[in-house]
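Trainee: I am new to this structure and would love a close look at one part of it, the inside where nonpolar side chains gather. Could you walk me through that part and then show me what surrounds it?

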Amino acid sequence: MNKKILALAIDDEFTHFDMQGGDLISFGVVEVFDDYTLGRKYQGFCRPRSTKYFSEKAQEIHGISFFKADTFPEPRDTMIEFLQWLVPLKDQFPLITIYWGAWNFDLKWIEETMNRCELFSSFIKAFSQTKENHINALKLAKKMLTHVPVPKGETGKKGQYKLSNVADFYDIELDHHNSLSDADV
């Protein structure tokens, strides 16, 4: 029996929480088959435009300094490489997207970068922008993983469904805030 791609799990890191001023600097994508096994993986890195919107808070979260990000490839080169990675999936477009958090937030960063690189029309063929084609893994975890304990030192349910806590509970290796590692969980 041939496996079919069910979805693509996506995560990304950026320079600032404001999409208009910030830049995508890293994103990870993992194929999820219909039997819930994982397939190919892609991680792309993009050089930011400047330090102007490289927030300390974002840097603190993902640990990528401006100086390191300044060595990354030009965004257009990375986006073209990613589109080429998607080619084997072209007969299955549009694909469901799995993300952890706010609806379409991770995909919007990639979409904005594709738009800046004038590659948006190629990208949109792969990703439908409707809620029906997206799975919010955080909401799903809250609904189905009620047995996951609240982390020690935290009160109430705060942190119970953080990606790192769920990964710890299931003993899944996680390099948190590495875009590919986060997408892989």
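**The nonpolar core and its surroundings**

Mentor: Happy to. In this predicted model, the largest nonpolar core has 26 residues, and those with the most contacts inside it are Phe27, Met79, Phe82, Leu86, Ile110 and Phe127. Four elements, β1 (5-14), β2 (24-33), α3 (75-86) and α4 (105-116), each supply at least two residues of this core. The largest share, 5 residues, comes from α3. As a general background, nonpolar side chains tend to be buried together in soluble globular proteins.

Phe27 is a good place to begin looking. Leaving aside its neighbours within four places in sequence, Phe27 is in contact with Asp11, Asp12, Tyr42, Gln43, Gly44, Cys46, Thr78, Met79, Phe82, Ile110 and Ser179. Among these contacts, Met79, Phe82 and Ile110 are also on the list of residues with the most contacts inside the core. There is also a second, separate core of 8 residues, which includes Ala7, Ala9, Val32 and Ile98.

Cys46, one of the contacts of Phe27, brings us to the cysteines. Cys46 is buried, with a relative accessible area of 0%, and Cys117 is buried too, at 10%. A disulfide is a covalent bond between the sulfur atoms of two cysteines. Why do Cys46 and Cys117 not form one? The sulfur of Cys46 has its closest cysteine sulfur in Cys117, but the two are 7.0 Å apart, so they are too far from each other for a bond. A pair would have to be within 2.5 Å to count, and the structure holds 0 disulfides.

Now for the charged side chains. The count comes to 9 salt bridges, and Asp23 is a helpful one to follow. The side chains of Arg49 and Asp23 meet in a salt bridge, at 2.7 Å from N to O. Arg49 lies in the loop between β3 (38-45) and α1 (56-62), while Asp23 lies in the loop between β1 and β2, so this pair ties together parts that are 26 residues apart in sequence. The two partners sit in opposite settings: Arg49 is exposed, with a relative accessible area of 52%, whereas Asp23 counts as buried at 7%.

Asp23 also forms a salt bridge with Arg116, the closest N and O atoms being 2.5 Å apart. This pair links distant parts of the chain, with Arg116 in helix α4 and Asp23 in the loop between β1 and β2, 93 residues apart. Arg116 counts as partly exposed, at 31% relative accessibility.

Helix α4, which supplies residues to the largest core, also holds a more local pair. Lys108 forms a salt bridge with Glu111, with 3.4 Å between the closest N and O atoms. Both residues lie in helix α4, 3 residues apart, about one turn of the helix. Lys108 counts as partly exposed at 29% relative accessibility, and Glu111 is buried at 13%. Elsewhere, salt bridges that share partners join Asp23, Arg49, Glu112 and Arg116 into one network.

Finally, let us step out to the surface. Phe169, Tyr170, Ile172 and Val185 make a nonpolar surface patch of about 320 Å². One of them, Ile172, is found in the loop between α7 (163-169) and α8 (179-184). Ile172 is partly exposed, with a relative accessible area of 36%.

Note on methods
Residues numbered from 1 in each chain as written. Predicted model: local features only at pLDDT ≥ 70, side-chain atom pairs only at ≥ 80, totals over all residues. Heavy atoms only, no water. Buried < 20%, exposed > 50% of the residue type's maximum accessible area, 1.4 Å probe, protein only. Core = buried A, V, L, I, M, F, W, Y, C linked by side-chain atoms within 4.5 Å. Contact = heavy atoms within 4.5 Å. Patch = residues over 30% accessible without salt bridge, like charges linked within 9 Å, V, L, I, M, F, W, Y side chains within 5 Å. Areas by Shrake-Rupley, 256 points an atom, 1.4 Å probe, with all protein chains shown as cover. Salt bridge = Lys/Arg side-chain N within 4 Å of Asp/Glu carboxyl O.
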